[in-house]
Amino acid sequence: MEEISKTKISIIVPSYNSTKTIIETLFSIKNQSFGNFECIVIDDSSKDDSGSKISQFIKNDERFKLIYLPKNNGVSFARNKGIENSKGQYICFLDSDDLWDINFLSESFNFMKVSGLEFVYSPYRRFFNFNKTKFFIRMGPKKATYENMLLNNHIPLLTAIINKKYIGNIRFVNDRFEDYLFWLNILKKNKGLSASRVGDLPLASYRISTSQRSSNKAINIFRAFRIYKHYLRFSILKAILRTFIFTIYSFYDYFLQYLSFKSESY
């Protein structure tokens, strides 16, 4: 069995005008108990001082690399640029306002190697902006397959680690729900591939803000329909049925999250 210490993980962090959160995010990467990684930060032509903050933070740590894009192209383009510049055998993603627990990489990767898996994800916390004392935990199924992913997106991007070979030439599209479509395309192309959940405890934290892109549920329903009809090319009736099922699951998640609040620091 390949030793954990000899395998490099590539972490891709897109950043745009993230001065309020990016350093905390990078700290959560730098402090990982698993240290054999490269972190590629893609500054998508930020207009604030986040680029200079990132440069200052990473200057004495060779594991970090900053790529500056001269033109703003959006988060999908930035993530794709990270994939293309990655050198690790495994790939994972963390947005510039989200956080990892100190043992996220070690627990996830150890679970992969012990179980012989090559695609995993974990439960995670969702907290409101900067209030980290109130949060709720979201836990997906023990296994995410192409079939049950058509019901809802069970794989949180910030908690997934996948062997790069399964990504191949698949890239994020410049459309909303890009992470959902990314996973669907990977699972569809690699027949028999599934993602397994790492235990029952959260290993990452997702920041919810009032301005986040996914806050409007009605718009999200339309985006789901576009995925099924435009990208997966389902018939109109099948796309409508899938969207209806997706909507039920989404509203279940939406109401459940407010019934499972925890009030404690982490």
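## Aromatic rings, stop by stop

Start by selecting Phe-182 and Trp-183, both of which are buried (under 20% relative accessible area, with exposed meaning over 50% and partly exposed in between, for a 1.4 Å probe and protein chains only). The model is predicted, so local features need pLDDT of at least 70 and side-chain atom pairs count only at pLDDT 80 or more, while totals for chains, interfaces and linings use all residues. Residues are numbered from 1 along each chain as its sequence is written, and side-chain values use heavy atoms, with hydrogens and water left out.

Next, display the aromatic rings, among which there are 16 aromatic pairs (rings of Phe, Tyr and Trp, the last by its six-membered ring, with centres within 6.5 Å; planes under 30 degrees apart are stacked, over 60 edge-to-face, and the rest tilted). Pick out Phe-177 and Phe-246, a tilted pair with 5.8 Å from centre to centre and 55° between the planes. This pair joins distant parts of the chain, since Phe-177 lies in the loop between β10 (161-163) and α6 (178-189) and Phe-246 in helix α8 (residues 236-257), 69 residues apart; helices (H or I, at least four residues) and strands (E, at least two) are DSSP runs numbered from the N terminus. Phe-177 counts as buried because its relative accessibility is 15%, and Phe-246 counts as buried at 5%.

Return to Phe-182 and Trp-183, whose ring centres are 5.2 Å apart with planes at 55°, so this pair is tilted. Extending the selection to Phe-93, Phe-119 and Phe-172 shows a cluster that ring pairs link together with Phe-182 and Trp-183.

Finally, add Arg-79, which lies over the face of Phe-172 at 5.1 Å from the ring centre (NZ of Lys or CZ of Arg within 6 Å of the ring centre and within 35 degrees of the ring normal).
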